[in-house]
Amino acid sequence: MMLISKGFGRVINTPFVVLSAIVLWEFMVKLFNIPRFVLPSPSDIIATITRYPLYLISNLLETLYFATLGLCIAALSSMALSLLLAYSETIRGAIYPVIAGFNAIPRAALVPVLVIWFGLGSIPKILTAFLIAFFPILVPSLTAMITIEKEMWELLVSFGATKRQILVKVAIPRAMPYFLSSLQAGFTGALVGTVIAEMVASDRGLGYIILSSTSRLDTPLAFSCLVLLSIVALILSKILTVLERGVVRWAYRVGE
Amino acid sequence: MIKIETLVKLRGVSVSYRNGRQSLLAISDIDLDIVSEEILAVVGRSGCGKTTLLKVVAGLIKPDKGEVIFNQKMFNGRRRKVGMMFQSPLLLPWRTVLKNVLLPIEVMGESVNEYLERALELIKMTGLKNFENSYPWELSGGMQQRVALCRALIHRPQLLLLDEPFGSLDAITREEMWMLLQNVVMEERCSTVLVTHDIREAVLLADRIVVMGSRPGRIKAEVKISFESPRSLELQYTREFNEYVMMIKNMLGE
């Protein structure tokens with residue numbers, strides 16, 4: 001990949017594209033005289049962020065906190081569940097269709113119910129983040145675990161490996177790159193979950209600010225939240241990528 | 001007088017695979033002895049059940065009929081001392097060469113340190129010195145198969161089971177591996193079962209060749225190869241060698 005899309009060209013291009021998009025946006029808003037409550041200009045957004053930096057960042061951190069908590073629970077439980085499902089074909093046959101079916105439910109629609117059950121506190125936010133992040137993390141790991149080559153099994157069994165040993169020595173390391181890269185998708189999902197829960201039932205967090213500001217037609221504030229969310233999501237996914245490459249170097253066939 | 005010991009005895013072994021309601025007989029009524037320190041080749045067309053036969057010997061498949069006696073003991077559980085090698089090297093990409101070789105030791109719960117020296121010795125013997133800490137994907141196909149051979153031998157198995165081990169290698173590498181295998185097996189003094197469809201490979205390496213017919217898999221004939229060991233690659237260009245090859249080819253062709 002590195003050879004095809006030359007690293008140098010990419011570094012030059014991405015900031016350039018982003019910058020020109022921002023300039024174009026600013027220019028169009030000014031040119032067509034678009035009202036602020038329809039589409040604020042980038043300078044409006046920056047001005048809003050600098051006007052309420054503490055307010056925005058504390059709420060951003062709150063949202064991030066719940067999303068990360070939901071993600072961690074999703075990561076741990078999907079790892080545990082994928083091990084269980086990989087271990088027993090019987091359990092997999094019985095449980096997996098139920099989980100897959102559950103995944104088809106639009107989980108945003110569950111938030112009001114979660115609020116009835118757990119109140120307005122932090123639990124609905126964590127749970128929604130968890131519910132959205134869980135499945136995208138489970139599936140790749142589980143698939144990697146249950147697609148070990150038949151001959152690999154036979155080889156291991158031929159020198160006496162038990163099922164548990166095969167899971168520990170082969171299935172888990174094999175699933176690792178898939179697990180780590182699914183954390184990125186999971187994190188995005190968790191963030192969406194928390195924001196939705198904050199919109200439905202909270203008086204804090206960026207989700208709440210977006211909802212309340214748009215109801216007052218304070219669109220620049222809503223956009224500030226969106227921009228902050230995107231930047232943070234981008235940074236965190238970059239961190240996850242670096243982490244992933246470091247931990248499962250072998251999966252990328254990187255020599256020394 | 002040299003005492004010929006029988007390591008594995010198969011008597012009336014049949015295996016059938018169930019495919020839905022149908023039951024397909026893979027191998028039928030096989031009688032076979034594997035003698036200590038011999039190289040036994042099993043040749044046959046693809047689908048003749050030679051891999052199934054190998055798996056029965058390895059203890060991976062329990063025969064539907066007949067019995068397998070391993071080292072004078074009726075076989076029931078798993079753990080028999082065999083080393084296996086397949087056409088694909090099946091190395092774990094997150095482990096170095098050395099750690100791949102030591103995998104069976106780890107799994108058996110024995111002390112890795114005790115086998116470290118042996119692992120390094122095997123690695124040296126197979127010409128992989130200085131690659132101990134390389135990763136499998138940094139090696140060529142032939143080198144990966146060498147690692148697989150070391151891994152098959154690390155726990156000093158009495159029986160080495162090879163399922164078309166050189167099938168995916170190029171002709172030159174394959175000949176190198178033939179010589180390597182011959183040396184290693186003589187050094188390690190283990191019995192070897194070599195499943196292959198390469199008749200030349202079988203004639204060059206084996207003391208005895210079992211020719212299998214298909215549907216259901218059964219033993220058609222047994223040929224003793226009377227060349228002295230060790231054998232050299234030049235043997236392939238002698239008349240006797242090619243007579244053996246022709247003979248076995250004809251047996252398969254029927």
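This report describes the two largest pockets of a predicted model.

## The largest pocket

The volume of the largest pocket is about 910 Å³. Its lining is made up of 31 residues, and those closest to the pocket centre are B:Val35, B:Ser36, B:Glu37, B:Glu38 and B:Asp207.

Among the contributors to this lining, helix α6 of chain B, which spans residues 171–188, gives the most, with four residues. Sorted by class, the lining of the largest pocket holds twelve nonpolar, seven polar and twelve charged residues.

## The second largest pocket

The second largest pocket encloses about 510 Å³ of space. It is lined by 15 residues, of which A:Val18, A:Ile22, A:Val227, A:Ile231 and A:Leu234 are the closest to its centre. Three elements of chain A each give two or more residues to this lining: α1 (7–31), α2 (42–51) and α10 (219–247). The largest share comes from α1(A), with six residues.

The classes of residue in the lining of the second largest pocket are eleven nonpolar, two polar and two charged.

## Position between two domains

Where does the second largest pocket lie with respect to the domains of chain A? Domain 1 covers residues 1–33 and domain 2 covers residues 39–252. Both domains give residues to the lining of the second largest pocket, and therefore this pocket lies between them.

Key:
Residues numbered from 1 in each chain as written. Chains lettered and ligands numbered in written order. Predicted model: local features only at pLDDT ≥ 70, side-chain atom pairs only at ≥ 80, totals over all residues. Heavy atoms only, no water. 1 Å grid on protein atoms, 1.4 Å probe; cavity = no way out; pocket = protein on both sides within 12 Å on 5 of 7 lines; lining within 4 Å. Points joined across faces, edges and corners; volume = space filled by probe spheres on them. Nonpolar A, V, L, I, M, F, W, Y, C, P; charged D, E, K, R; others polar. Domains from an automatic or database assignment.
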